[in-house]
Amino acid sequence: MAGLSPTYPLQTERLDLRPHRHGDVDDMLAFHSLPEVVRYTPWPVRDRKQTEEALEARLNAGRLTEPGQWLILAIELRETGTVIGEVLLKWASDVNRSGEIGYALHPGYQGKGLASEAARAMLRIGFEELGLHRITAVVDDRNTASWQLLERIGMRREAHHLEASWFKDEWANDYTYALLRSEWLNGRSEPAASDLG
Ligand SMILES: CC(C)(COP(=O)(O)OP(=O)(O)OC[C@H]1O[C@@H](n2cnc3c(N)ncnc32)[C@H](O)[C@@H]1OP(=O)(O)O)[C@@H](O)C(=O)NCCC(=O)NCCS
């Protein structure tokens, strides 16, 4: 696998997905500072300084050159130019051609299918541009909105690991979801009619 260096923005129906820029800090702070957003993410509630540091770490996360790296893209609502969240794709292994996805969205923009739209774009570039064979997602079993998103985009629940993670001062149960390239190509990830609102 040769890595991934997409041409930006990646466009979906309503979104432009692109690497972060210095000017994104206010939009990022608007959701990185919210307890309900970070409840099940690996990061804590962030103040402005911590958000600036997080942004700094994202500035060069727009391409994948070796396994172990995360592609981290700002989710920009095309209509307003606001950064409303972020979406991630990890190139986990070259030998296994495996990857992982992640996402977070400002609560003011949830409930509209926007996170699913961004996550599908990550599956597309993961399978069709990077050349992955299998993409997974790991989610706390209490994070209903997240595992429902994964099912909405066609991923299958493969495992339920009990007390598998020491997470934010307690043991957490994780679901592992996965999708194979063959399933993606067979259209498993097409939105169901019932998802179209
Ligand atoms: C996980 C998260 C991104 C899900 O966001 P979301 O907006 O619920 O997800 P989707 O984009 O799939 O939107 C689905 C909702 O939009 C509705 N919807 C409206 N129009 C839609 C459309 N065109 N397509 C799909 N869904 C649509 C669906 O009915 C659904 O609503 P419901 O939850 O009331 O049933 C969000 O809860 C979040 O950011 N959480 C905090 C961060 C986090 O936990 N990240 C994951 C760590 S593993």
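Me: When is a residue near the ligand, and which residues of this predicted model are closest to the ligand?
Reply: A residue is near a molecule if its C-beta atom, placed from the backbone, lies within 6 Å of it. In this predicted model, 23 residues surround the ligand. The closest are Gln110, Gly113, Ala115, Ser116 and Ala145.

Me: Which elements give two or more residues to the shell around the ligand?
Reply: By class, the shell has eleven nonpolar, nine polar and three charged residues. The elements that supply two or more of its residues are β5, α4 and α5 (144-152).

Me: Which helix gives the most to the largest nonpolar core?
Reply: The largest nonpolar core has 44 residues. Those with the most contacts inside this core are Ile75, Val87, Ile101, Tyr103, Ala118, Ala119 and Leu123. Nine residues of the core come from one helix, residues 114-130, and this top contributor is α4.

Me: Leaving aside neighbours within four places in sequence, which residues is Ala119 in contact with?
Reply: Ala119 is among the residues with the most contacts inside the largest nonpolar core. Once neighbours within four places in sequence are set aside, its contacts are Val87, Ile101, Tyr103, Leu149 and Ile153.

Me: Why are the buried residues of α1 on the same side of the helix?
Reply: The buried residues of α1, which spans residues 25-32, are Asp27, Met28, Phe31 and His32. In an α-helix there are 3.6 residues a turn, so residues three or four places apart point the same way. The buried residues of α1 are on the same side because they cover an arc of only 125 degrees around the axis.

Me: Which elements do the buried residues of α1 pack against?
Reply: Asp27, Met28, Phe31 and His32 are the buried residues of α1. Their packing partners are α2 (35-38), α3 (48-58), β4 (82-93) and β5 (98-105).

Me: Is Arg97 buried or exposed?
Reply: Arg97 is in the loop between β4 and β5, and has a positive phi of about 45 degrees although it is not a glycine. A residue is buried at 20 or more C-beta neighbours within 10 Å and exposed at 12 or fewer. Because Arg97 has 19 inside 10 Å, it counts as partly exposed.

Me: Where is Lys168?
Reply: Lys168 is not a glycine, yet its phi is positive, near 50 degrees. With 13 C-beta neighbours inside 10 Å, Lys168 counts as partly exposed. Its place is in the loop between β7 (156-167) and β8 (170-180).

Me: Is the peptide bond from Tyr8 to Pro9 cis or trans?
Reply: Pro9 is found in the segment before β1 (10-11). The bond from Tyr8 to Pro9 has omega near 0 degrees and is cis.

Notes
Residues are numbered from 1 along each chain as its sequence is written. This is a predicted model: local features need pLDDT of at least 70, side-chain atom pairs count only at pLDDT 80 or more; totals for chains, interfaces and linings use all residues. Helices (H or I, at least four residues) and strands (E, at least two) are DSSP runs, numbered from the N terminus. The arc is that of the directions from the helix axis to the C-beta atoms. Two residues are in contact if their C-beta atoms, placed from the backbone, lie within 7 Å. A nonpolar core is a set of buried Ala, Val, Leu, Ile, Met, Phe, Trp, Tyr and Cys residues joined through C-beta atoms within 7 Å. Ala, Val, Leu, Ile, Met, Phe, Trp, Tyr, Cys and Pro count as nonpolar, Asp, Glu, Lys and Arg as charged, and the others, Gly among them, as polar.
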